[in-house]
Amino acid sequence: MSEIASRRSLIIGIFLAIGVLAVGIASGAWIWLAVPLAIGIIALCNVLQREIISVEVDLARKTDQNETLGEIARTQKSAVDAFADGLEIGIFVCDDRAQIAYANRFAQLLFGFENPLGRSLLAVTLSVELEQLALNASQEASVIETEITFSFPKERICVARAWTTTDLPRRIYLSLVEITDLRRMERIRKDFVANVSHELRTPMTVIRVYAESMIDDDDKKLRAKYLPRIITEIDRLTSITHDLLVLSTSESSPVRKGPCEFGGIIRYTLNLLAPQAKEKNLSLTYEGPEDLDIEANASQMTQVVVNLVENALKYTNEGGVDIHLTDLGEFIRFDVTDTGIGIPDEHLPRLFERFYRVDKARSRAGGGTGLGLSIVKHIVEAHGGSIHVDSAQNRGTTFSIVLPKGDFNSLSVG
Ligand code: ADP
């Protein structure tokens with residue numbers, strides 16, 4: 001197109017020059033003027049042609065440059081988008097009225113919104129606090145930060161930061177870092193420390209009261225009455241510290257697995273607890289294979305089986321306890337069923353929490369620490385297994401465990 005234009009200007013120039021020449025020759029008198037005029041016109045057109053070509057070359061170069069710049073901008077945008085979408089931080093960019101201009105993937109996930117662009121921050125997040133933070137940030141020179149609990153679509157705690165730049169149009173940038181798990185862990189740790197202190201304080205107070213009574217009174221009868229109580233409380237302290245140690249050991253180190261004969265662990269438990277069952281006049285039965293090998297930590301598995309069967313006997317007054325072991329191929333299933341007092345439904349969700357007891361007085365009277373089930377759950381899950389409870393009040397309870405068998409053959413050879 002550009003080449004045609006420049007050629008056209010040259011051709012017009014030549015025709016113009018011929019015209020001038022012809023008119024000059026026809027008039028006769030002006031020939032000496034017509035020839036140089038025609039030559040001048042041709043030269044001028046030549047210059048014009050070169051000028052047009054150079055302008056067009058410049059234009060083409062600029063078009064190329066613009067296309068390259070566009071390409072670079074597109075590449076950079078897709079790189080920034082990919083980067084922002086890979087972050088586990090919610091990012092919003094809003095205008096100065098807190099209307100969303102950009103939201104990365106995590107921000108969309110946090111609020112369950114597919115396409116929040118063009119909507120208001122408030123409509124998408126349902127958080128007046130976040131909107132206020134964004135609007136405040138548009139007036140501030142520095143980054144502002146606050147902790148916000150969002151309740152939609154589920155409860156989440158985030159650290160929200162907002163800032164703006166001096167560029168126009170004014171934009172507000174927001175980042176959201178979720179700290180729900182962190183806060184939950186902090187709460188669990190605080191509760192745990194409070195619970196441990198409380199559990200230790202109770203027996204220590206009792207011991208102190210009895211000991212003080214004996215200082216003031218030298219009566220032998222009183223001693224005979226108080227000393228066994230002091231010993232019971234010391235036993236309780238010993239059980240709590242023992243269970244805490246078991247829990248912390250199983251939590252702090254990875255499971256050391258080896259060949260573990262589950263049938264043998266059940267036989268050991270039956271022997272250990274048969275006297276307890278007899279004393280309460282309860283039956284204690286086992287149904288399942290004689291030997292069943294799995295890959296597990298044998299001493300931790302013994303702890304699991306003993307805890308569950310001991311609990312079943314402790315919370316059963318009539319009938320008895322049945323133990324079942326089933327080979328499921330790649331897994332084993334272990335059930336302990338009792339005909340005991342059962343557990344009311346409302347307690348089931350919190351049953352495996354540390355120090356959680358359905359009936360505090362009853363548990364304490366039976367020497368319970370409230371740590372047994374949390375130890376069991378922790379060990380089972382550390383072995384890649386799961387635990388389930390099924391209970392009906394005054395009819396009984398079944399605790400079921402499913403565990404992967406693992407590669408016990410290679411372990412027994414090694
Ligand atoms: P504890 O040392 O108090 O027995 P656990 O952690 O072993 O602590 O058990 C937590 C609570 O769960 C117990 O206090 C008891 O209320 C309830 N529980 C556990 N096993 C049974 C069961 N087989 N039948 C009824 N209640 C049970």
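Which strands does helix H5 (residues 128-137) lie across, and at about what angle does H5 run to S4? The points below come to that helix after a look at the whole chain. Please keep in mind throughout that this is a predicted model.

1. **The chain as a whole.** A good place to start is the overall inventory: the protein chain has twelve helices and twelve strands. The chain counts 414 residues, and 22% of them are classed as buried. If you take the contacts with a separation of 6 or more, 59% of them are between residues 24 or more positions apart.

2. **A five-stranded sheet.** Look next for the open sheet whose strands come in the order S2-S1-S5-S4-S3, with antiparallel pairing. Its edges are strand S2 (100-103) and S3; each has a single partner strand, so one side of each has no neighbour in the sheet. From one strand to the next, the twist averages 25°. As background, strands of a sheet pair through backbone hydrogen bonds, in either a parallel or an antiparallel way.

3. **From S3 through S4 to S5.** Strand S3 (residues 144-150) is antiparallel to strand S4 (residues 156-164), and seven bridges link the two. Five residues make the hairpin connection from S3 to S4. To find the register on screen, place glutamate 147 opposite valine 159 in S4. S4 also pairs with strand S5 (residues 171-178), again antiparallel and over seven bridges. Here the hairpin has six residues between its strands, and cysteine 158 sits opposite glutamate 178 in S5.

4. **The S1 and S2 end.** Strand S1 (residues 90-95) and S2 run antiparallel and are joined by three bridges. One pair to look for is cysteine 94 with its bridge partner in S2, isoleucine 100.

5. **The helix across the sheet.** Now back to the opening question. Helix H5 lies across S1, S3, S4 and S5, and its direction is at about 20° to S4.

6. **Strands S10, S11 and S12.** Further along the chain, S10 and S12 run antiparallel, joined by eight bridges. Aspartate 335 has serine 400 in S12 as its bridge partner. S12 also pairs with strand S11 (residues 386-392), in the antiparallel sense and over seven bridges, with serine 386 opposite valine 402 in S12. S11 and S12 make a hairpin with three residues between them, and asparagine 394 in that turn has a positive phi of about 65°.

7. **The nonpolar cores.** The largest nonpolar core has 34 residues, of which Phe262, Leu308, Val309, Val321 and Val376 touch the most other members. At least two residues of this core come from each of helix H8 (262-279), strand S8 (293-296), helix H9 (298-314), strand S9 (320-327), strand S10 (331-338), helix H11 (372-382) and strand S12 (396-404). The top contributor is H9, with seven residues. Leucine 308 is a handy one to click on: not counting residues up to four places away in sequence, leucine 308 touches Val336, Val376 and Phe399. There is also a second, separate core of 21 residues, including Leu110, Phe111, Ala162 and Ile172.

8. **Around the ligand.** The ligand has 20 residues around it, and those that come nearest are Arg357, Val358, Ser363, Gly368 and Gly372. H9 and H11 are the elements that give two or more residues to this shell. By type, the shell holds nine nonpolar, eight polar and three charged residues.

9. **Leucine 371, buried or exposed?** This residue belongs to the loop between helix H10 (360-365) and H11. Leucine 371 has 24 other C-beta atoms within 10 Å, and because 20 or more is the cut-off, leucine 371 counts as buried. Leaving aside neighbours within four places in sequence, leucine 371 is in contact with Asp243, Leu244, Leu247, Arg354 and Phe355. Leucine 247 makes a good example of a contact between distant parts of the sequence: leucine 371 and leucine 247 are 124 residues apart along the chain, while their C-alpha atoms are 8.2 Å apart in space.

Key: Residues numbered from 1 in each chain as written. Predicted model: local features only at pLDDT ≥ 70, side-chain atom pairs only at ≥ 80, totals over all residues. Core = buried A, V, L, I, M, F, W, Y, C linked by C-beta atoms within 7 Å. Buried ≥ 20, exposed ≤ 12 C-beta atoms within 10 Å, placed from the backbone. Helix = DSSP H or I, 4+ residues; strand = E, 2+ residues; numbered from the N terminus. Contact = placed C-beta atoms within 7 Å. Near = placed C-beta within 6 Å. Nonpolar A, V, L, I, M, F, W, Y, C, P; charged D, E, K, R; others polar. Pairing = 2+ DSSP bridges. Axes fitted to C-alpha atoms, helices over the stretch in contact; angles between N-to-C directions.
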